[in-house]
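Thanks for coming. I will go through one protein chain today, starting with the whole and then moving to one helix and one residue.

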Amino acid sequence: IPPTGEGKKEEAAPPRLHSFPLIRPPRGMDYTSTCHTDMPPPMRVEAMELCAPPCEKYATNNEPPPKSQNDQPSSAAKMIKEMMDKKFGSSWHVVIGEGFGFEITHEVKNLLYMFFGGSLAVCVWKCS
């Protein structure tokens, strides 16, 4: 039995932090391969900046949980929708997930479809 070294504290392994490129395209690929949009550039930048924090905050919970006692925004999609409604007017819709398809009707110059952190897709559109 090896000596335990009484009096010495065992050092825990430092926590591992992983960071993923959020919306940056992979090397050798251009921006259009990671995002499809018909938004004007200033609106696109603002929309992408609005989408990033909720996706990071709710990285493991992109869908709303079962009804709870409090009605707090509990998902990334709901949070993004509320911010887009506040910033650009009402009637925004948001879908977040992996491996989904869609066919939507949207207002011209009001669609954003991007990938966040690799395989998480975010689709934001306005339909009134």
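**The chain, one helix, one residue**

Of the 128 residues in this protein chain, 28% count as buried. Please keep in mind that this is a predicted model. The chain has 2 helices and 4 strands, and along the sequence they come in the order β-α-α-β-β-β. Of the contacts with a separation of 6 or more, 56% are between residues 24 or more positions apart. The chain exposes about 9,400 Å², and 55% of that comes from carbon and sulfur atoms.

Now the helix α2. It covers residues 76-88, which is 13 residues. From first C-alpha to last it reaches 18 Å, close to the 18 Å expected at 1.5 Å a residue.

Which residues of α2 are buried? They are Ala76, Ala77, Ile80 and Met84. Looking down the axis of α2, these buried residues fall within an arc of 90 degrees, so they line one face of the helix. The general background is that an α-helix has 3.6 residues a turn, so residues three or four places apart point the same way. The cover over the buried residues of α2 includes α1, β2 and β4. After α2 comes Gly89, with a positive phi near 90 degrees.

Last, Val122, which sits in strand β4. Val122 is buried, and its relative accessible area is 0%. What does Val122 touch, leaving out residues up to four places away in sequence? Its contacts include Ile80, along with Cys51, Cys55 and Val95. Val122 and Ala77 are 45 residues apart along the chain, yet 8.5 Å separates their C-alpha atoms.

Technical notes
Residues numbered from 1 in each chain as written. Predicted model: local features only at pLDDT ≥ 70, side-chain atom pairs only at ≥ 80, totals over all residues. Heavy atoms only, no water. Expected span 1.5 Å × (residues − 1). Buried < 20%, exposed > 50% of the residue type's maximum accessible area, 1.4 Å probe, protein only. Arc of directions from axis to C-beta. Contact = heavy atoms within 4.5 Å. Areas by Shrake-Rupley, 256 points an atom, 1.4 Å probe, with all protein chains shown as cover.
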